[in-house]
Amino acid sequence: MPSITILDGGMSRELVRLGATLRQPEWSALALMESPDIVRRVHEEFIAAGADVITTNSYALVPFHIGETGFREDGRRLIALAGQLAREAADAAGDGRVRVAGSLPPIFGSYEPQLFRPDRVHDYLSVLVEELDASVDVFLGETLSLIAEAEAVQRAVAPTGKPFWISFTLQDDPGAEARPPVLRSSESVEEAARWIAGSNAAALLFNCSRPEVMQNAIAVASRVLAESGRTVPLGVYANAFTADEDGAANETLHAIRDDLSDDRYSSFACDWVESGATMIGGCCGVGAAHIHRVKQRLSAD
């Protein structure tokens, strides 16, 4: 088996588990405002669970969640703080074993490809990149619903010279696992993988979708990249949302399914690795216990 990079899991539910307040629209950004010590503790718990990479708690630091005024007045401080907390936790692990990924979220909302503004995206992405740069080893454009969002990330991180990973979110309605995998924009995974092959991205991942739809995406991406002649690591970090959610990502607190134990999630992870993934973690609702079990299973294999 190839060497597997273990990523961390979802931040928000772990914040709640450790005592932080979670509400919309601020979501996980609220912990940076009210209880940054708990943010660091979440990072530390994921490291203890076996994560090789932890991700900054900067996902909700966009106007979609904290408002335009909040972003302009306090965004830079909060973004820098998110980077600092992750860097401190990683460095405390010693030996440089743990890397920090700087989260670059979809600026205009999760699962909202129709809201993308190519004329405005760089105004916000550039702030995230500038304030995270001092703390991160790699940038992570995550939960991206369309290829244009990935292009914006590539442009924004270019001045830093640091590597970047791209992670797309997939349509995951019931029955989606039986269809060819597509992004939430309806662009195909095949198109996305071809874009990756021609980009400077250092990895292609899929996240914030049900575990059941991930294996087909990895299989398609692996084939397309092999045909292109470009070797790019593939990864998965699925969510634990129920399949019947409605409402924008900053309007509701999505329910977490009760059938996704750490054992079951780790079984999905083994399937993803069999299909070619070498980077495995978790997204919303996947906690430190899940990551610990994934680490155990993949290390044993």
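What follows is a guided reading of this structure, from its sheet to one of its helices and then to a few backbone details.

The model is predicted, so that local features need pLDDT of at least 70 and side-chain atom pairs count only at pLDDT 80 or more, while totals for chains, interfaces and linings use all residues. Residues are numbered from 1 along each chain as its sequence is written, and side-chain values use heavy atoms, with hydrogens and water left out.

Helices (H or I, at least four residues) and strands (E, at least two) are DSSP runs numbered from the N terminus, and two strands are said to pair if DSSP finds at least two bridges between them. On that basis, eight strands form an open sheet with parallel pairing, in the order S1-S8-S7-S6-S5-S4-S3-S2. Its edge strands are S1 (5–6) and S2, each of which pairs on one side only. In general, strands of a sheet pair through backbone hydrogen bonds, either parallel or antiparallel.

Strand S3 (residues 99–104) is a useful place to look in detail. Five of its six residues are buried, where buried means under 20% relative accessible area, exposed means over 50%, and partly exposed lies in between (1.4 Å probe, protein chains only). S3 is joined to the parallel strand S2 (residues 53–55) by three bridges; Val53 stands opposite Arg99, and Ile54 stands opposite Val100. Between these two strands the chain passes through helix H4 (residues 63–92), in a β-α-β crossover that is right-handed, a term used when, with the strands pointing away from the viewer, the path from the first strand over the helix to the second runs clockwise. S3 also pairs in the parallel sense with S4 (residues 138–144), over four bridges, and here Leu104 has Gly141 as its bridge partner. The crossover from S3 to S4 goes through helix H5 (residues 121–132) and is again right-handed.

Further along the sheet, helix H8 (residues 214–228) lies across strands S6 (203–207) and S7 (234–238), running at about 165 degrees to S7; axes are lines fitted to C-alpha atoms, for helices over the stretch in contact, and angles run from 0 to 180 degrees between N-to-C directions. H8 has 15 residues and reaches 21 Å from its first C-alpha to its last, close to the 21 Å expected at 1.5 Å a residue, the expected span being 1.5 Å times one less than the number of residues. Its buried residues are Met214, Ala217, Ile218, Val220, Ala221, Val224 and Leu225. These residues lie on the same side of H8 because they cover an arc of only 170 degrees around the axis, the arc being that of the directions from the helix axis to the C-beta atoms. They pack against helix H7 (189–197), S6, S7 and helix H9, with contact meaning heavy atoms within 4.5 Å. On the other side of H8, Ala226 and Glu227 are exposed.

Some backbone details remain. Most residues other than glycine have a negative phi, and most peptide bonds are trans. The bond from Gln24 to Pro25, however, is cis, with omega near 10 degrees, and Pro25 sits in the loop between helices H1 (12–17) and H2 (29–34). Tyr111, in the loop between S3 and H5, has a positive phi near 65 degrees and counts as partly exposed at 25% relative accessibility. Cys208, in the loop between S6 and H8, has a positive phi of about 50 degrees and is buried, with a relative accessible area of 5%.
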